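Here's a quick briefing to read with the model open in your viewer. Grab a coffee and follow along, topic by topic.

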Amino acid sequence: MIEEQESITAKLCQFARAFHSNYGKGKIFDDYLSFDLMGREQYEEMGQLIENNFDPKKFDPNRWFCHKNIKDVLYKYILPIPLSRIKYAEIELENFAKLQGAMGKKIQYVICGAGMDSFAFRNLMRNIKIFEVDHPDTQKYKLDRIKKLEWIIPENLTFVSVDFSRDSLKERLLENGFDPNLPTFTAILGVSYYLTLPVFEQTLKIISELSPEGSKVIFDFPDETTFSKELEKNAPRVRELAEVTERLGEPMLHGFSVGEIKEALERNSFKVASHYTPQIIQSLYFEGRTDNLKAYENVHFMKAEKTV
């Protein structure tokens, strides 16, 4: 991402959640706090960004974007991934928290690349301690919004700012009260697109070192068709989306095969607990819809469990 600037893709994902909450029929996921957290000005800016073919220089604070001008692009490129992956992640988190809670245990929820996630303010489960991990610039933007809204930060929420070019994720979590002995659920959503496999695996290694047996990690990733010249016809939407994010200063770097992801997990004491293929994602979240929302052809969701 661009230094000294909050992530534009994080704001686009939030815009997707806000738009769907406000206007979606048959909601996949209702992030009812997303619009307030974002604010009208940023909401309009992101709407115009889409309307103006992702050219931020064309933003006009004196006008509103037109919904019909962005609908096709929004439904084709922006909405599908953020809505379905947060639905998947929060259902899995709730199941994990309830299971551990039934045994009288508290859990930790680590959100890597938290962006404008609103879970901490929607959460009703008392046995969850939440750590939001993100780049300092993105986190500052979010904290400024929370202050402006006069929201009370929950006692179980801790913000952990990490500049991965300078800071150690492990050290920053431990400095901020993370307990390596508590069952932990870690979400790495929308992150793998911008990492090479060795860097992504390093994150898995740190999570493994910090998490006790039975902990879970959940993530989404684009498969090897994403940047393959031979297979690019199988994944046109992600390639086109990658062109957009590169223009916005946040280039996608890689696609991973399911095999190499599984090997990376195994090297770090994780085993696959569930794997949602694009076909499964389509069936669970998009089948029978009349609004043209469809799962990406090459984006996968995966949950893994920490072994001994």
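Right after helix α3, N53 adopts a positive phi of about 55 degrees. Keep in mind that this is a predicted model. The helix just before N53 is a good place to start, and the salt bridges come after that.

**Helix α3 on its own**

- α3 covers residues 40-51, and its length checks out: twelve residues at 1.5 Å a residue should span 16 Å, and the C-alpha atoms at its ends are indeed 16 Å apart.
- Is α3 mostly covered or mostly open? Mostly covered, with nine of its twelve residues buried.
- The buried set in α3 is made up of Q42, Y43, E44, M46, G47, Q48, L49, I50 and E51.
- What do those buried residues pack against? Their partners are α1 (8-23), α2 (34-38), α4 and α7 (136-149).

**Where α3 meets α4**

- The axis of α3 comes within 9 Å of the axis of α4 (residues 67-78), and the two cross at roughly 85 degrees.
- That crossing makes α3 roughly perpendicular to α4, because angles of 65 to 115 degrees fall in that class.
- On the α3 side, the contact uses Y43, G47, I50 and E51; α4 brings H67, N69, I70, V73, L74 and I78.
- By class, the residues of this α3 and α4 contact come out as six nonpolar, three polar and one charged.
- Y43, G47, I50 and E51 also turn up among the buried residues of α3.

**Where α4 meets α5**

- α4 packs on α5 with the axes 6 Å apart, at an angle of about 45 degrees.
- That makes α4 oblique to α5.
- L74, Y75, K76, Y77 and I78 of α4 touch P80, I81 and P82 of α5.
- This α4 and α5 contact has seven nonpolar residues, no polar ones and one charged.
- L74 and I78 of α4 take part here, and they also belong to the contact with α3.

**Salt bridges**

- How many salt bridges does the structure hold? The count is 18.
- One of them pairs the side chains of R85 and D220, at 3.0 Å from N to O.
- R85 sits in helix α5 (residues 80-102) and D220 in strand β5 (residues 216-222), so this bridge ties together parts 135 residues apart in sequence.
- R85 counts as buried, with a relative accessible area of 11%, and D220 is buried too, at 0%.
- E201 and R267 also join their side chains in a salt bridge, at 2.8 Å from N to O.
- E201 belongs to helix α9 and R267 to helix α11 (residues 258-267), so the pair links parts that are 66 residues apart in sequence.
- E201 is buried, at 17% relative accessibility.
- Another bridge runs between E209 and K170, whose closest N and O atoms are 3.5 Å apart.
- Here E209 comes from helix α9 (residues 197-210) and K170 from helix α8 (residues 169-175), so the pair ties together parts 39 residues apart in sequence.
- Are E209 and K170 buried or exposed? E209 is partly exposed, at 40% relative accessibility, and K170 is partly exposed as well, at 31%.
- R17, D31, E90 and R122 are connected through a network of salt bridges.

Notes: Residues numbered from 1 in each chain as written. Predicted model: local features only at pLDDT ≥ 70, side-chain atom pairs only at ≥ 80, totals over all residues. Heavy atoms only, no water. Axes fitted to C-alpha atoms, helices over the stretch in contact; angles between N-to-C directions. Helix = DSSP H or I, 4+ residues; strand = E, 2+ residues; numbered from the N terminus. Parallel < 35°, antiparallel > 145°, perpendicular 65-115°, else oblique. Contact = heavy atoms within 4.5 Å. Nonpolar A, V, L, I, M, F, W, Y, C, P; charged D, E, K, R; others polar. Salt bridge = Lys/Arg side-chain N within 4 Å of Asp/Glu carboxyl O. Buried < 20%, exposed > 50% of the residue type's maximum accessible area, 1.4 Å probe, protein only. Expected span 1.5 Å × (residues − 1).
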